[in-house]
Amino acid sequence: MTEQQDQPILACRDMSCLIKARPQPLKVLQHIDFSVRRRTALGIVGESGAGKSMLIKSIMGIAPGSVHVEGHITVDGEDLSAMKPRDRARFIGRKVGIVFQNPMTSLNPYVPVGRQITEACRQHLGLSGDAARQRAIDLLTVVGIADPEDCYDYYPHHFSGGMKQRIMIAAGLICQPDLLIADEATTALDVTVQKEVLDLLQTIQQERQMSMILVSHNLGVVAGRTDEILVLYGGHIVEYGPTSDVFRNPRHRYTEALLSAMPQMDQPAHTRLRTIPGQPPSLVNQPPGCPFAPRCSAAEGPCHVSMPEMKSGVDNRHRFACHFPLEQTASPAIRQDIITEGGLAHG
Ligand SMILES: Nc1ncnc2c1ncn2[C@@H]1O[C@H](COP(=O)(O)OP(=O)(O)OP(=O)(O)O)[C@@H](O)[C@H]1O
Ligand code: SF4
Ligand SMILES: [Mg+2]
(Lines give C-alpha, C1' and ligand atoms only; values in the text may rest on other atoms or scores of the structure.)
(Ligands and ions follow the chains in the order given, each with its own letter.)
Protein backbone atom coordinates (compact mmCIF):
# COMPACT_ATOMS: atom_id res chain seq x y z
CA MET A 1 0.00 0.00 0.00
CA THR A 2 1.40 3.42 -0.93
CA GLU A 3 1.74 6.16 1.66
CA GLN A 4 -1.18 8.04 0.10
CA GLN A 5 -3.46 5.00 0.14
CA ASP A 6 -2.57 4.45 3.77
CA GLN A 7 -3.50 8.00 4.70
CA PRO A 8 -7.02 8.44 6.10
CA ILE A 9 -9.39 10.23 3.75
CA LEU A 10 -10.49 12.43 6.66
CA ALA A 11 -8.83 13.24 9.95
CA CYS A 12 -9.97 15.66 12.67
CA ARG A 13 -7.36 16.50 15.25
CA ASP A 14 -8.22 18.29 18.49
CA MET A 15 -11.12 20.01 16.81
CA SER A 16 -13.47 22.22 18.78
CA CYS A 17 -16.48 24.31 17.72
CA LEU A 18 -17.51 27.35 19.68
CA ILE A 19 -20.58 29.50 19.09
CA LYS A 20 -19.97 33.16 19.79
CA ALA A 21 -22.20 34.14 22.71
CA ARG A 22 -22.20 36.29 25.85
CA PRO A 23 -21.03 36.09 28.57
CA GLN A 24 -18.98 33.23 27.13
CA PRO A 25 -18.87 31.13 23.95
CA LEU A 26 -20.95 27.96 23.83
CA LYS A 27 -18.80 24.86 23.42
CA VAL A 28 -20.67 22.72 20.90
CA LEU A 29 -17.83 20.28 20.22
CA GLN A 30 -14.67 19.76 22.26
CA HIS A 31 -11.38 17.99 21.47
CA ILE A 32 -12.71 15.89 18.62
CA ASP A 33 -10.15 13.37 17.37
CA PHE A 34 -11.01 10.75 14.79
CA SER A 35 -10.24 9.64 11.28
CA VAL A 36 -11.95 7.80 8.46
CA ARG A 37 -9.86 5.23 6.66
CA ARG A 38 -10.14 4.71 2.93
CA ARG A 39 -12.85 2.32 1.74
CA THR A 40 -14.35 2.08 5.22
CA ALA A 41 -17.57 3.36 6.78
CA LEU A 42 -17.79 5.25 10.05
CA GLY A 43 -21.02 5.63 12.04
CA ILE A 44 -21.50 8.75 14.15
CA VAL A 45 -24.27 8.33 16.72
CA GLY A 46 -25.68 10.39 19.55
CA GLU A 47 -28.87 11.97 20.82
CA SER A 48 -30.38 15.11 19.36
CA GLY A 49 -28.15 18.09 20.13
CA ALA A 50 -25.01 15.97 20.63
CA GLY A 51 -23.25 17.97 17.89
CA LYS A 52 -23.39 15.49 14.99
CA SER A 53 -24.53 17.97 12.34
CA MET A 54 -22.26 20.70 13.65
CA LEU A 55 -19.35 18.31 13.25
CA ILE A 56 -20.30 17.56 9.64
CA LYS A 57 -20.97 21.22 8.80
CA SER A 58 -17.64 22.25 10.30
CA ILE A 59 -15.82 19.65 8.20
CA MET A 60 -17.65 20.82 5.08
CA GLY A 61 -16.99 24.48 5.90
CA ILE A 62 -20.71 25.30 5.99
CA ALA A 63 -21.19 25.95 9.71
CA PRO A 64 -23.01 29.21 10.50
CA GLY A 65 -20.85 32.35 10.63
CA SER A 66 -21.30 32.50 14.41
CA VAL A 67 -19.35 29.24 14.79
CA HIS A 68 -15.60 29.31 15.37
CA VAL A 69 -13.80 26.08 14.49
CA GLU A 70 -10.44 25.25 16.11
CA GLY A 71 -8.01 22.41 15.47
CA HIS A 72 -7.07 20.64 12.28
CA ILE A 73 -9.21 18.99 9.64
CA THR A 74 -7.34 17.07 6.98
CA VAL A 75 -8.96 15.70 3.83
CA ASP A 76 -6.88 13.39 1.62
CA GLY A 77 -3.79 14.62 3.45
CA GLU A 78 -4.51 18.33 2.87
CA ASP A 79 -4.98 20.58 5.88
CA LEU A 80 -8.19 22.54 5.25
CA SER A 81 -7.36 25.26 7.76
CA ALA A 82 -4.39 26.27 5.58
CA MET A 83 -6.63 26.88 2.53
CA LYS A 84 -8.37 30.05 1.39
CA PRO A 85 -12.19 29.71 1.69
CA ARG A 86 -12.71 29.50 -2.09
CA ASP A 87 -9.99 26.88 -2.62
CA ARG A 88 -11.30 24.94 0.34
CA ALA A 89 -14.87 24.93 -0.99
CA ARG A 90 -13.72 23.67 -4.38
CA PHE A 91 -11.41 21.04 -2.86
CA ILE A 92 -14.08 19.76 -0.44
CA GLY A 93 -16.69 19.82 -3.21
CA ARG A 94 -14.56 17.44 -5.28
CA LYS A 95 -13.49 15.12 -2.47
CA VAL A 96 -16.56 14.90 -0.26
CA GLY A 97 -20.22 14.38 -1.19
CA ILE A 98 -23.00 14.99 1.28
CA VAL A 99 -26.60 13.85 1.65
CA PHE A 100 -28.66 15.83 4.13
CA GLN A 101 -31.49 14.76 6.38
CA ASN A 102 -34.55 16.06 4.65
CA PRO A 103 -34.94 15.64 0.87
CA MET A 104 -38.12 17.76 1.00
CA THR A 105 -36.13 20.83 2.00
CA SER A 106 -32.77 19.98 0.38
CA LEU A 107 -34.16 20.06 -3.17
CA ASN A 108 -35.27 23.35 -4.72
CA PRO A 109 -38.92 22.82 -5.82
CA TYR A 110 -38.54 25.25 -8.76
CA VAL A 111 -35.54 23.62 -10.45
CA PRO A 112 -35.60 20.30 -12.39
CA VAL A 113 -33.75 17.61 -10.45
CA GLY A 114 -31.21 17.00 -13.24
CA ARG A 115 -29.94 20.55 -12.99
CA GLN A 116 -29.71 20.25 -9.22
CA ILE A 117 -27.73 17.02 -9.48
CA THR A 118 -25.26 18.43 -12.01
CA GLU A 119 -24.69 21.78 -10.32
CA ALA A 120 -21.73 20.57 -8.23
CA CYS A 121 -19.84 18.85 -11.06
CA ARG A 122 -20.25 21.82 -13.38
CA GLN A 123 -19.03 24.12 -10.64
CA HIS A 124 -16.24 22.01 -9.11
CA LEU A 125 -15.08 19.90 -12.07
CA GLY A 126 -15.95 22.29 -14.92
CA LEU A 127 -17.85 19.55 -16.80
CA SER A 128 -19.72 20.61 -19.93
CA GLY A 129 -23.54 20.51 -19.94
CA ASP A 130 -23.71 17.30 -22.00
CA ALA A 131 -21.07 15.45 -19.99
CA ALA A 132 -22.68 16.48 -16.72
CA ARG A 133 -26.12 15.42 -17.97
CA GLN A 134 -24.82 11.99 -19.00
CA ARG A 135 -23.11 11.55 -15.66
CA ALA A 136 -26.33 12.46 -13.85
CA ILE A 137 -28.42 10.06 -15.95
CA ASP A 138 -25.94 7.26 -15.22
CA LEU A 139 -26.17 8.01 -11.53
CA LEU A 140 -29.96 8.15 -11.55
CA THR A 141 -29.81 4.61 -12.92
CA VAL A 142 -27.37 3.56 -10.19
CA VAL A 143 -29.68 4.88 -7.44
CA GLY A 144 -32.66 3.04 -8.90
CA ILE A 145 -34.67 5.75 -10.67
CA ALA A 146 -36.61 4.28 -13.61
CA ASP A 147 -36.63 6.30 -16.87
CA PRO A 148 -33.67 8.44 -15.81
CA GLU A 149 -33.58 10.38 -19.11
CA ASP A 150 -37.13 11.63 -18.59
CA CYS A 151 -36.74 12.06 -14.85
CA TYR A 152 -33.74 14.33 -15.39
CA ASP A 153 -36.14 17.10 -16.42
CA TYR A 154 -38.80 16.45 -13.78
CA TYR A 155 -39.33 18.71 -10.77
CA PRO A 156 -38.98 17.40 -7.20
CA HIS A 157 -42.76 17.22 -6.63
CA HIS A 158 -42.95 14.37 -9.16
CA PHE A 159 -41.06 12.10 -6.77
CA SER A 160 -41.89 10.35 -3.48
CA GLY A 161 -39.79 11.00 -0.36
CA GLY A 162 -37.67 7.87 -0.92
CA MET A 163 -37.11 8.76 -4.58
CA LYS A 164 -36.11 12.31 -3.62
CA GLN A 165 -33.55 10.89 -1.23
CA ARG A 166 -32.18 8.67 -4.02
CA ILE A 167 -31.86 11.82 -6.13
CA MET A 168 -29.97 13.49 -3.29
CA ILE A 169 -27.63 10.50 -3.17
CA ALA A 170 -27.02 10.90 -6.92
CA ALA A 171 -26.24 14.59 -6.29
CA GLY A 172 -23.82 13.60 -3.51
CA LEU A 173 -22.02 11.21 -5.87
CA ILE A 174 -21.85 13.44 -8.92
CA CYS A 175 -18.22 14.58 -8.35
CA GLN A 176 -17.15 10.98 -7.70
CA PRO A 177 -16.14 11.81 -4.13
CA ASP A 178 -13.71 9.77 -2.05
CA LEU A 179 -15.96 10.24 0.96
CA LEU A 180 -19.77 10.35 1.12
CA ILE A 181 -21.39 11.76 4.24
CA ALA A 182 -25.03 10.96 4.98
CA ASP A 183 -26.32 13.09 7.85
CA GLU A 184 -29.52 11.42 9.11
CA ALA A 185 -30.22 10.76 5.43
CA THR A 186 -33.07 8.35 6.11
CA THR A 187 -34.66 9.83 9.23
CA ALA A 188 -37.50 11.49 7.32
CA LEU A 189 -38.44 8.24 5.53
CA ASP A 190 -40.69 5.42 6.65
CA VAL A 191 -39.01 2.29 7.94
CA THR A 192 -39.22 0.17 4.77
CA VAL A 193 -37.93 2.94 2.52
CA GLN A 194 -35.29 3.76 5.14
CA LYS A 195 -33.88 0.26 4.86
CA GLU A 196 -33.88 0.38 1.05
CA VAL A 197 -31.99 3.69 1.02
CA LEU A 198 -29.50 2.52 3.66
CA ASP A 199 -28.88 -0.70 1.72
CA LEU A 200 -28.35 1.38 -1.41
CA LEU A 201 -25.81 3.62 0.37
CA GLN A 202 -23.95 0.57 1.64
CA THR A 203 -23.86 -1.08 -1.79
CA ILE A 204 -22.62 2.10 -3.44
CA GLN A 205 -19.96 2.59 -0.79
CA GLN A 206 -18.66 -0.94 -1.25
CA GLU A 207 -18.89 -1.06 -5.05
CA ARG A 208 -17.23 2.32 -5.51
CA GLN A 209 -14.67 1.62 -2.79
CA MET A 210 -15.44 4.95 -1.19
CA SER A 211 -15.35 5.94 2.43
CA MET A 212 -18.63 6.83 4.07
CA ILE A 213 -19.84 8.51 7.24
CA LEU A 214 -23.34 7.53 8.36
CA VAL A 215 -24.71 9.95 10.94
CA SER A 216 -27.70 8.81 12.96
CA HIS A 217 -29.34 9.00 16.36
CA ASN A 218 -30.29 5.34 15.81
CA LEU A 219 -27.70 2.68 16.61
CA GLY A 220 -29.61 0.17 14.48
CA VAL A 221 -28.92 2.26 11.37
CA VAL A 222 -25.15 1.95 11.74
CA ALA A 223 -25.05 -1.60 13.17
CA GLY A 224 -24.24 -3.72 10.14
CA ARG A 225 -23.21 -0.94 7.81
CA THR A 226 -20.11 0.55 9.38
CA ASP A 227 -16.61 -0.59 10.26
CA GLU A 228 -16.16 1.87 13.08
CA ILE A 229 -18.47 3.81 15.32
CA LEU A 230 -18.05 7.07 17.15
CA VAL A 231 -20.44 7.92 19.99
CA LEU A 232 -20.95 11.63 20.65
CA TYR A 233 -22.42 12.96 23.86
CA GLY A 234 -22.69 16.63 24.77
CA GLY A 235 -20.11 17.58 22.16
CA HIS A 236 -17.53 15.03 23.31
CA ILE A 237 -16.49 11.71 21.80
CA VAL A 238 -17.27 9.29 24.61
CA GLU A 239 -16.55 6.04 22.78
CA TYR A 240 -14.90 5.22 19.48
CA GLY A 241 -13.84 1.93 17.97
CA PRO A 242 -14.62 -1.01 15.68
CA THR A 243 -18.40 -1.26 15.43
CA SER A 244 -18.54 -4.92 16.40
CA ASP A 245 -16.46 -4.29 19.57
CA VAL A 246 -18.52 -1.30 20.62
CA PHE A 247 -21.78 -3.21 20.11
CA ARG A 248 -20.60 -6.41 21.71
CA ASN A 249 -18.74 -4.85 24.58
CA PRO A 250 -19.54 -1.18 25.15
CA ARG A 251 -17.22 0.31 27.76
CA HIS A 252 -18.83 3.72 28.21
CA ARG A 253 -21.96 3.91 30.29
CA TYR A 254 -23.76 6.16 27.82
CA THR A 255 -23.19 3.70 24.97
CA GLU A 256 -24.52 0.92 27.18
CA ALA A 257 -27.57 3.04 28.03
CA LEU A 258 -28.19 3.72 24.32
CA LEU A 259 -27.97 0.01 23.53
CA SER A 260 -30.28 -0.89 26.40
CA ALA A 261 -32.83 1.63 25.15
CA MET A 262 -33.17 -0.22 21.85
CA PRO A 263 -36.12 -2.61 21.43
CA GLN A 264 -35.10 -6.24 21.87
CA MET A 265 -36.29 -8.84 19.40
CA ASP A 266 -36.49 -11.59 22.02
CA GLN A 267 -38.57 -9.63 24.55
CA PRO A 268 -42.28 -10.36 25.00
CA ALA A 269 -44.64 -7.95 23.23
CA HIS A 270 -45.59 -4.80 25.19
CA THR A 271 -42.38 -4.92 27.26
CA ARG A 272 -41.63 -1.35 28.32
CA LEU A 273 -38.61 0.12 26.57
CA ARG A 274 -35.82 1.25 28.84
CA THR A 275 -35.13 4.96 28.63
CA ILE A 276 -32.20 7.10 29.67
CA PRO A 277 -33.40 9.28 32.55
CA GLY A 278 -32.83 13.03 32.44
CA GLN A 279 -32.04 15.33 29.56
CA PRO A 280 -29.00 15.79 27.31
CA PRO A 281 -26.73 18.53 28.63
CA SER A 282 -27.37 22.17 27.83
CA LEU A 283 -24.66 24.21 26.14
CA VAL A 284 -25.19 26.97 28.69
CA ASN A 285 -23.45 26.47 32.05
CA GLN A 286 -21.74 23.21 31.11
CA PRO A 287 -20.65 21.68 34.42
CA PRO A 288 -17.11 20.37 34.89
CA GLY A 289 -16.57 16.63 34.77
CA CYS A 290 -18.20 13.97 32.65
CA PRO A 291 -21.10 15.40 30.63
CA PHE A 292 -23.12 12.20 31.27
CA ALA A 293 -22.70 12.39 35.07
CA PRO A 294 -26.17 13.86 35.86
CA ARG A 295 -27.81 10.86 34.11
CA CYS A 296 -25.36 8.10 34.99
CA SER A 297 -26.24 5.57 37.69
CA ALA A 298 -22.54 4.76 38.19
CA ALA A 299 -21.40 8.36 38.70
CA GLU A 300 -19.14 8.95 41.68
CA GLY A 301 -17.06 11.84 43.02
CA PRO A 302 -14.49 12.22 40.19
CA CYS A 303 -17.23 12.10 37.55
CA HIS A 304 -18.56 15.45 38.73
CA VAL A 305 -15.15 17.09 38.93
CA SER A 306 -12.93 16.10 36.02
CA MET A 307 -13.52 15.20 32.41
CA PRO A 308 -12.36 11.59 31.92
CA GLU A 309 -9.44 11.10 29.56
CA MET A 310 -9.75 8.83 26.54
CA LYS A 311 -8.33 5.40 27.29
CA SER A 312 -8.02 2.19 25.32
CA GLY A 313 -9.18 -1.34 25.93
CA VAL A 314 -7.10 -4.40 25.08
CA ASP A 315 -7.50 -3.40 21.45
CA ASN A 316 -5.94 0.03 21.01
CA ARG A 317 -8.55 0.94 18.46
CA HIS A 318 -11.41 0.75 21.00
CA ARG A 319 -11.31 3.92 23.09
CA PHE A 320 -13.65 5.42 25.68
CA ALA A 321 -13.73 8.34 28.09
CA CYS A 322 -15.11 7.08 31.39
CA HIS A 323 -13.70 7.15 34.94
CA PHE A 324 -15.43 3.85 35.74
CA PRO A 325 -15.77 2.00 32.45
CA LEU A 326 -17.70 -1.23 32.08
CA GLU A 327 -15.59 -4.35 32.32
CA GLN A 328 -13.96 -5.84 29.28
CA THR A 329 -16.01 -9.01 28.76
CA ALA A 330 -14.34 -12.18 27.55
CA SER A 331 -17.37 -13.52 25.70
CA PRO A 332 -19.86 -10.71 25.37
CA ALA A 333 -23.42 -11.80 24.80
CA ILE A 334 -25.30 -8.53 24.89
CA ARG A 335 -27.56 -7.39 22.11
CA GLN A 336 -26.65 -10.06 19.62
CA ASP A 337 -30.03 -9.36 18.03
CA ILE A 338 -28.96 -5.89 16.87
CA ILE A 339 -25.61 -7.20 15.75
CA THR A 340 -27.06 -10.13 13.85
CA GLU A 341 -29.87 -8.03 12.43
CA GLY A 342 -27.34 -5.55 11.13
CA GLY A 343 -25.13 -8.30 9.77
CA LEU A 344 -22.18 -7.76 12.08
CA ALA A 345 -22.24 -11.37 13.18
CA HIS A 346 -21.03 -12.24 9.72
CA GLY A 347 -18.53 -9.43 9.37
N1 LIG B 1 -26.72 28.17 14.64
C2 LIG B 1 -26.74 27.78 15.90
N3 LIG B 1 -26.77 28.68 16.92
C4 LIG B 1 -26.78 28.28 18.22
N5 LIG B 1 -26.73 26.99 18.60
C6 LIG B 1 -26.70 26.06 17.65
C7 LIG B 1 -26.70 26.39 16.24
N8 LIG B 1 -26.66 25.24 15.53
C9 LIG B 1 -26.64 24.23 16.44
N10 LIG B 1 -26.65 24.74 17.70
C11 LIG B 1 -26.59 23.96 18.93
O12 LIG B 1 -25.46 23.11 18.83
C13 LIG B 1 -25.73 21.86 19.44
C14 LIG B 1 -25.45 20.76 18.45
O15 LIG B 1 -26.39 20.85 17.38
P16 LIG B 1 -26.41 19.80 16.19
O17 LIG B 1 -27.37 20.31 15.19
O18 LIG B 1 -25.04 19.54 15.74
O19 LIG B 1 -26.99 18.50 16.92
P20 LIG B 1 -27.29 17.07 16.30
O21 LIG B 1 -26.50 16.08 17.08
O22 LIG B 1 -27.08 17.10 14.83
O23 LIG B 1 -28.83 16.87 16.64
P24 LIG B 1 -30.02 16.23 15.75
O25 LIG B 1 -29.97 14.75 16.01
O26 LIG B 1 -31.26 16.86 16.34
O27 LIG B 1 -29.81 16.59 14.32
C28 LIG B 1 -27.20 21.91 19.89
O29 LIG B 1 -27.20 22.21 21.27
C30 LIG B 1 -27.78 23.02 19.09
O31 LIG B 1 -28.82 23.65 19.81
S1 SF4 C 1 -17.22 9.04 33.81
FE2 SF4 C 1 -18.58 8.63 35.53
S3 SF4 C 1 -20.46 9.72 35.00
FE4 SF4 C 1 -19.30 9.52 33.14
S5 SF4 C 1 -20.07 7.68 32.18
FE6 SF4 C 1 -18.25 7.12 33.38
S7 SF4 C 1 -19.08 6.47 35.37
FE8 SF4 C 1 -20.72 7.63 34.33
MG1 LIG D 1 -28.30 16.83 13.14
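Ligand 2 occupies the largest cavity (on a 1 Å grid over the protein atoms alone, a set of points where a 1.4 Å probe fits but cannot get out). The model is predicted: local features need pLDDT of at least 70, side-chain atom pairs need 80 or more, and totals for chains, interfaces and linings use all residues. Residues are numbered from 1 along each chain as written, chains are lettered from A and ligands numbered from 1 in written order, and side-chain values use heavy atoms, without hydrogens and water.

**Ligand 2 shell**
- Of 13 surrounding residues, C290, C296, C303, C322 and H323 come nearest (near: a heavy atom within 4 Å).
- The shell has 10 nonpolar residues, 2 polar and 1 charged (Asp, Glu, Lys and Arg are charged; Ala, Val, Leu, Ile, Met, Phe, Trp, Tyr, Cys and Pro nonpolar; the others polar).

**Confidence**
- Mean pLDDT of the protein chain is 89, with 93% of residues at 70 or more (pLDDT is the predictor's confidence in each residue, from 0 to 100).
- Residues 340-347 fall below 50, yet make 15 contacts beyond near neighbours in sequence (heavy atoms within 4.5 Å).

**Aromatic pairs**
- The whole structure holds 4 aromatic pairs (Phe, Tyr or six-membered Trp ring centres within 6.5 Å; planes under 30 degrees apart are stacked, over 60 edge-to-face, the rest tilted).
- Y154 and F159 are tilted, because their planes meet at 45 degrees, with centres 6.2 Å apart.
- Y233 and F292 pair edge-to-face, at 80 degrees and 5.2 Å between centres.

Note on methods: 1 Å grid on protein atoms, 1.4 Å probe; cavity = no way out; pocket = protein on both sides within 12 Å on 5 of 7 lines; lining within 4 Å. Sits in = over half its atoms within 2 Å of the grid points.
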